[in-house]
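Trainee: I'd like to go through the labels on this model and see what stands behind each of them. Can we take them one at a time?

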Amino acid sequence: MNENAASTATKTPADVEYFKKEILANLIRKQAHTPDTATPHDWWTAVCLTTRDMIMEDACEVRRVHTQENVKRVYYLSLEYLMGRLLENNLVNIGHLDNVREALKELGQDLDQLIEEAPDMGLGNGGLGRLAACFMDSLSTLDYPAIGYGINYEFGLFRQAFSENQQVELPDGWRRFGTPWGICRAEYAMEVPIYGRVELEFDEFGHGRPIWKDHRSILGVPWDIPVNGYDTSTVNFLRLWESRAGQDFDLGVFNRGGYVDAVREKAESETISKVLYPNDSTQAGKELRLVQQYFFVTCSLRDIMRRHQAAGNTWEQLPDKAAIQLNDTHPAIAVPELMRLLVDEERLEWDDAWAICTKTFSYTNHTLLPEALEKWSVPLMEKVLPRHMQIIFEINKQFLENDVEARWPGDSSKKAELSLIEESMPQQVRMAYMAVVASHTTNGVAALHTQLLRADLFKSFDELYPGRLQNKTNGITPRRWLKACNPELSGLIDRSIGNDWPKNLDKLRDLERFTDDESWTNEFMEIKHRNKQRLAAMIQERCGIEVDPSALFDVQIKRLHEYKRQHLNLLNIVTQYRRLLNNPDLDVAPRVFVFGAKAAPGYTLAKEIIHAINAVGEKINHDERIQGKLKVAFLPNYGVSVAETIIPAADLSEQISTAGKEASGTGNMKLALNGALTIGTLDGANVEIEEEVGKEHCFIFGLTVEEVEELRANGYSSMDYYWANQELKDTIEWLTSDYFAPRGSFDQLRHSLLEGGDPFLVLADYASYVETQDKVDAFFKDKKAWAKSAILNTARVGKFSSDRTIRQYAEEIWSVPAHRVEA
């Protein structure tokens, strides 16, 4: 069914007729509508079902062969999958985008308009979830048998709106009316125990065995979403768990008049899969997060074990048939859970079970921020998962007595440093440490990130387990992030170097020969301009701001966090605004600053930064004195579908985190692939992007990791920078005056930068950043030079395909061979 994915531009009359017939059939049979009564949503659903039907034919055959041949699978455990919309991407992958477009045209419908009917799937938030989605695409494209496990969130994170320039969080009811992509697998539902107590039960010989008693039960119901590869028959799937009550309804309580109490258990149980990342600023929020993580982990492990047993395998064979990847620390509770299942339920000896665990698990670390390494208090763990806390204590005891003692005999300080239990008040379980100890491989996600893990965060673990810590630089799928989201540029590339580059992104190097071809360069930049026109229309529609597509589009799109330093960008905007007010005739290229970001509901400083950006933008956008030379647009509710419009239109990619804080980043890769030049620090994957595209084709500024460490060691004082730089001082004073918002609105931001010590060195990098932005302005005016750099960015980032990353995981961590099935 997937024979011509490489040539989606080919329309075949027979295929067009086939799709017309199937779409109409699904419209009538599944939607109960005829063409004259169907709404756009009905048409969209019919097209999705038609596409899904075609994919599922391959999926069933692939699953049959995988089961018959008892293949080794990758099991990817992730709390997030930022999938976006699926219809266009799936049609690209099966090679029928143009056939479906033509079929719908003949039926009087427009595919692009129908695609807009779909909400983004609310299954993720930031780079972690988008990376997982890219990895699933590559696993299928490269024919690796795989299942991605997660949670089928009802509301996702939240839908972002702005009121009086401030973020407002609204429910994201993305599957309020269902989704045509999800398939309920009720036959594989799992019962999940939580809370309760542990009691020793003795046999006739006096041997005690711990029994988990008086626990509550929750039902985990799986929903499958097929993930089809590009130019292949392989279809893997996401299996996402939805929580339901073990008992939906207490009729006795209801009949006695307790109408609310009768459904209390149902409401509490279904809360688990309601939202991604419940606000953990309260104790109840923390507890819900722990329950949520355990819920999806135990459902997933039980499902893996069910499949393993059904194939007739022994438990000793589990590492030969299953590679379980922990995507960050959220699934780390899988370690004690697998031990519990093997020891308590399957009656394996402890040492045998531990050997199986350490050969099966591998762990990806995604952060260099110590405060972001997840910890759970021992009292909370004992309350929610009492048996698991016992198992963690035993894992820690054996780890310290065996591994640590053997390497550092009698060194109690080293034991305290590496212990899985932090001796604080109360005690805390260090989940990242547990993941490292229980995994045969731990990997970082960029060369610099891994280097810093070895040198700092996991230094002693690297000494204890030499070679266990690897690097696997992140990647992105070019199918979605160029072929689907930038079809005009994709078409130009096809005509210029052939159409096999989506599975071999290094072939884009062949584009380098066109940098001196005036006609080709003009076409490349004309495509960029049309993409900017589309983004300008979106900005007009969603923000009410008119922007000039010929201006420099300066883009920062990523989760709102202090270390990503959107407030550094803001300080530069205010600086440029001041300069223009002082000299309205200043010769600068018109610039549009485009933001997209959500702040966690409990992260008040991040929300204040959003408020400040919007307030400054409101003043700038209505100030006729600056003659339209600056505009600021903060697009609300940033997500994958919004990114698919922003990224092809970007001229400048803001990657300005404090050096040593960003693990990798993947937005930097997507923007460079679509011809945006990077302005950034030498942080995360920026280092490798600079190596690939060349120093002269990006703008690097600011302190290096070594300089950051030296500055901190010598005693950093942000006030010194404040007093030493008059322009910086004036910028901060103006920003926090009553010019942009009532006085006091940005006091927390001001305190963070000044009295609070500026933890992410915004002021230390300010002068270098502003100076580099001036260089950007001068370079943008040289249209020929800018075009050459844009083309070379697209041509030279082939390394950052997620296909390369997944091959490395498969060969160097998972030991999973590709398994192509000809369906």
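Mentor: Sure, and keep in mind that the model is predicted. Let's start with a cut-off: a residue is called buried when its relative accessible area is under 20%. In helix α26 (residues 686–693), the residues that fall in this class are Asn686, Glu688, Ile689, Glu690 and Val693.

Trainee: What covers the buried residues of α26?

Mentor: The cover includes three helices, α17 (447–457), α25 (667–673) and α32 (783–795), along with the strands β21 (652–655), β22 (677–680) and β23 (699–700). Right after α26 comes Gly694, with a positive phi near 100 degrees.

Trainee: Why does Thr50 count as buried?

Mentor: Set the value against the cut-off: Thr50 has 2% relative accessibility, and buried means under 20%. So Thr50 counts as buried. Its place is in helix α2.

Trainee: And what makes the pair Thr50 and Asn26 a polar contact?

Mentor: The limit for a pair of N or O atoms is 3.5 Å, and one must be able to donate a hydrogen and the other to accept it. The side chains of Thr50 and Asn26 make such a contact at 2.9 Å, so the pair is within the limit. Leaving aside residues up to four places away in sequence, Thr50 touches Phe19, Glu22, Ile23 and Asn26.

Trainee: On to strands. How do you know that β13 and β15 pair?

Mentor: Pairing takes at least two bridges. Strand β15 (residues 428–430) and β13 share three bridges, in the antiparallel sense, so they pass. One residue match to look at is Trp376, whose bridge partner in β15 is Val429.

Trainee: Why are β13 and β14 said to stand at the edges?

Mentor: The open sheet has three strands in the order β13-β15-β14, with antiparallel pairing. β13 (375–377) and β14 (421–422) each have a single partner strand, so one side of each is left without a neighbour in the sheet.

Trainee: Now the empty space. What makes something a cavity rather than a pocket?

Mentor: In a cavity the 1.4 Å probe fits but cannot get out, whereas a pocket is an open set of points. The whole structure has four cavities of 30 Å³ or more.

Trainee: How much space lies in the largest cavity, and which residues are the closest to its centre?

Mentor: The largest cavity holds about 130 Å³. It is lined by 14 residues, and Met83, Leu86, Asn89, Asp137 and Val227 are the closest to its centre. Two or more residues come from each of α3 (87–94), α6 (127–141) and β9, with α6 giving the largest share, four residues. By class, the lining has six nonpolar, five polar and three charged residues.

Trainee: What about the second largest cavity?

Mentor: That one has a volume of about 70 Å³. Its lining includes Lys558, Gln655, Asn668 and Asn686, and it divides into one nonpolar, six polar and four charged residues.

Trainee: And the second largest pocket, which residues are the closest to its centre?

Mentor: The volume of that pocket is about 490 Å³. Among its 31 lining residues, Arg63, Thr67, Arg73, Phe237 and Arg307 are the closest to the centre. Helix α2 gives the most to the lining, with six residues. Sorted by class, the lining has 17 nonpolar, six polar and eight charged residues.

Technical notes:
Residues numbered from 1 in each chain as written. Predicted model: local features only at pLDDT ≥ 70, side-chain atom pairs only at ≥ 80, totals over all residues. Heavy atoms only, no water. 1 Å grid on protein atoms, 1.4 Å probe; cavity = no way out; pocket = protein on both sides within 12 Å on 5 of 7 lines; lining within 4 Å. Points joined across faces, edges and corners; volume = space filled by probe spheres on them. Nonpolar A, V, L, I, M, F, W, Y, C, P; charged D, E, K, R; others polar. Buried < 20%, exposed > 50% of the residue type's maximum accessible area, 1.4 Å probe, protein only. Contact = heavy atoms within 4.5 Å.
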